[in-house]
Amino acid sequence: MGILHEDVVVISQAEKPDDPTVITVNCPDKTGLGCDLCRIILLFGLSISRGDVSTDGKWCYVVFWVAGKSNTRWDLLKNRLVEVCPSHFSTSRIYSYRLENQEQPRPPDVFLLKFWCSQDRKGLLHDVTEVLCELELTIKRVKVFTTPDGRVMDLFFVTDTRELLHTRRRQEETIHHLEAVLGNTLISCEIESAGPEITACSLNSSFLPSAITEDMFCLELPARQPNGFLASTPISITVDNSLSPSHTLIQIVCQDHKGLIYDIMRTLKDYNIQVSYGRFFANQRGNCEADFFLMQADGKKIVDPNKQDALCSRLRMELWQPLRVAMVSRGPDPELLVANPVELSGRGRPLVFHDITLALKILNICIFSVKIARYLIHDREWEVYRILLDEAERNPVPRNKIQDRVRKILMGWE
């Protein structure tokens with residue numbers, strides 16, 4: 001017996017402004033499904049305040065209580081959630097699905113969006129980024145240049161969630177939305193296929209200064225916590241193998257932040273660990289408590305102390321510092337660096353560039369140039385944003401304030 005499409009994901013919208021919206025997912029299971037669902041919810045700008053996850057290894061039932069934007073496109077969110085669920089297979093074909101799911105999907109086509117503007121202005125890059133997010137265009141790389149006469153050339157390498165950017169109609173829709181936000185400053189706009197040579201260059205071989213590498217990508221927790229950076233609530237992670245004959249219980253207590261459940265789920269997914277049952281809750285004081293009953297890929301508990309320590313250490317690092325932020329100097333000019341960890345599946349955390357540009361727009365700071373590229377550092381892939389700030393107007397904002405504001409926007413603490 002098959003699964004009805006409309007029953008896979010059910011969204012019950014809040015009746016009152018302060019009530020959460022409830023998202024229910026009922027479908028065959030797969031390792032990493034919780035991560036995929038949380039990533040899409042984060043992509044739509046929603047926060048998970050509470051959740052319940054249960055599975056018997058074949059079938060899963062997930063409930064999320066979410067809050068966020070009043071203009072959320074719930075029908076589109078439902079469609080995106082359904083797409084990551086193995087819902088179109090019958091229960092008799094679950095194991096077949098698991099085998100098919102091991103194949104790597106074809107990477108999406110990359111397109112180059114190139115446009116010229118007659119003049120720069122504060123917040124321009126954020127306004128463009130917001131439009132692209134609303135159009136479901138995923139930004140893979142960005143290059144922004146400001147000429148001596150004040151003109152701006154932006155190069156966005158993007159993929160299309162709808163897989164329609166090769167069509168004339170979709171391209172015209174994109175250009176029309178950009179014209180609406182850029183107005184008379186837009187000189188020209190072109191969209192073309194980026195070609196296989198761009199698609200193949202997922203990792204950038206250019207040089208990152210060793211000081212940046214050592215400071216930003218340190219994999220050990222420091223002895224002291226810098227002010228304004230780390231959570232005020234200590235991170236507590238405990239492992240218990242005594243409560244279940246077949247599962248390992250991991251209990252987590254920490255300060256809540258944007259994408260917290262996604263950070264937990266992507267870590268478990270990268271370790272190929274199955275969540276059989278999980279419950280988490282964020283209270284009004286800004287703290288989160290989570291319990292997860294886990295199994296390894298072989299269906300056994302995590303009894304090896306080294307594996308336990310490795311998992312707990314990784315979880316603690318991801319919850320302490322899911323994104324790396326630093327202000328450095330490139331010659332006489334300040335450069336903002338943000339590093340975003342990439343899942344083993346090749347996807348990075350969504351909306352990072354959107355939040356960076358939002359923070360700089362709030363601070364009334366212009367962006368001179370941007371480079372986004374991926375680097376392999378400490379055997380792990382990172383998406384690194386290098387943003388050269390324009391200090392031509394002698395902006396009085398201190399660098400530590402810029403770093404702090406960007407970090408708080410990224411963490412959802414403002």
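Colleague: Let's start with Ser 369. Which strand does Ser 369 lie in?

Modeller: Ser 369 is part of strand β15, which covers residues 367-377. One thing to keep in mind throughout our chat is that this is a predicted model.

Colleague: Noted! Is Ser 369 buried or exposed?

Modeller: Ser 369 has a relative accessible area of 11%, and because the cut-off for buried is under 20%, Ser 369 counts as buried.

Colleague: And which residues does Ser 369 touch, not counting those up to four places away in sequence?

Modeller: With those set aside, Ser 369 touches Val 144, Arg 330, Arg 386, Ile 387 and Leu 388.

Colleague: Good. Now for empty space. How many cavities of 30 Å³ or more does a search of the whole structure find?

Modeller: The search turns up four of them. The largest has a volume of about 160 Å³. It is lined by 17 residues, and those closest to its centre are Gly 32, Leu 33, Gly 34, Gln 274 and Val 275.

Colleague: Which helices and strands each supply at least two residues of that lining?

Modeller: Two helices, α2 (33-43) and α9 (260-270), and three strands, β3 (47-55), β4 (59-67) and β11 (274-282), each do that.

Colleague: What is the lining of the largest cavity like by class?

Modeller: Nine of the lining residues are nonpolar, five are polar and three are charged.

Colleague: What about the second largest cavity: how much space lies in it?

Modeller: The second largest cavity holds about 130 Å³. Its lining has 17 residues, and Asp 120, Arg 121, Leu 124, Leu 125 and Ile 367 lie nearest the centre. Helices α5 (124-134) and α11 (352-362) each give two or more residues to this lining, as do strands β6 (137-146) and β7 (152-160).

Colleague: And the lining of the second largest cavity by class?

Modeller: The count for the second largest cavity is eight nonpolar, four polar and five charged residues.

Colleague: You mentioned α11. How many of the residues of α11 are buried?

Modeller: Helix α11 is mostly covered, with eight of its eleven residues buried. They are Val 352, Phe 353, His 354, Asp 355, Ile 356, Thr 357, Ala 359 and Leu 360.

Colleague: Phe 353 catches my eye. Which residue forms an aromatic pair with Phe 353?

Modeller: Phe 353 pairs with Tyr 385 in a stacked arrangement, 6.1 Å from centre to centre and with 10 degrees between the planes. Phe 353 sits in helix α11 and Tyr 385 in strand β16 (residues 380-389), so the pair ties together parts that are 32 residues apart in sequence. Phe 353 and Tyr 385 are both buried.

Colleague: How many aromatic pairs are there by the count?

Modeller: The count comes to five aromatic pairs. There is also an aromatic cluster, formed by Phe 64, Phe 280 and Phe 292.

Colleague: Back to the backbone. Where does phi take a positive value in a residue other than glycine?

Modeller: Glu 136 is one of the places, with phi near 65 degrees. Leu 351 is another, also with phi near 65 degrees. As background, most residues other than glycine have a negative phi. Glu 136 is in the loop between α5 and β6, while Leu 351 is in the loop between β14 (333-341) and α11. On the other side of that helix, just after α11, Asn 364 has a positive phi of about 65 degrees.

Colleague: Is Glu 136 buried or exposed?

Modeller: Glu 136 is buried, at a relative accessible area of 9%. Glu 136 is also among the contacts of Arg 170, along with Leu 135, Leu 137, Asp 160, Arg 162, Leu 164 and Leu 165, once neighbours of Arg 170 within four places in sequence are left aside.

Colleague: Where does Arg 170 lie, and what polar contact does the side chain of Arg 170 make?

Modeller: Arg 170 belongs to helix α6 (residues 168-182). Its side chain makes a polar contact of 2.8 Å with the side chain of Asp 160. Arg 170 counts as buried, with 3% relative accessibility.

Colleague: Last one: what is the place of Gly 259?

Modeller: Gly 259 is in the loop between β10 (248-255) and α9, and Gly 259 is buried with a relative accessible area of 15%. From C-alpha to C-alpha, Gly 259 and Ile 41 are 8.9 Å apart in space, although 218 residues separate them in sequence. Leaving out residues up to four places away in sequence, Gly 259 touches Leu 42 and Arg 349.

Notes: Residues numbered from 1 in each chain as written. Predicted model: local features only at pLDDT ≥ 70, side-chain atom pairs only at ≥ 80, totals over all residues. Heavy atoms only, no water. 1 Å grid on protein atoms, 1.4 Å probe; cavity = no way out; pocket = protein on both sides within 12 Å on 5 of 7 lines; lining within 4 Å. Points joined across faces, edges and corners; volume = space filled by probe spheres on them. Helix = DSSP H or I, 4+ residues; strand = E, 2+ residues; numbered from the N terminus. Nonpolar A, V, L, I, M, F, W, Y, C, P; charged D, E, K, R; others polar. Buried < 20%, exposed > 50% of the residue type's maximum accessible area, 1.4 Å probe, protein only. Polar contact = N/O pair within 3.5 Å; in protein donor to acceptor, adjacent residues only side chain to side chain. Contact = heavy atoms within 4.5 Å. Phe/Tyr/Trp six-rings, centres within 6.5 Å; stacked < 30°, edge-to-face > 60°.
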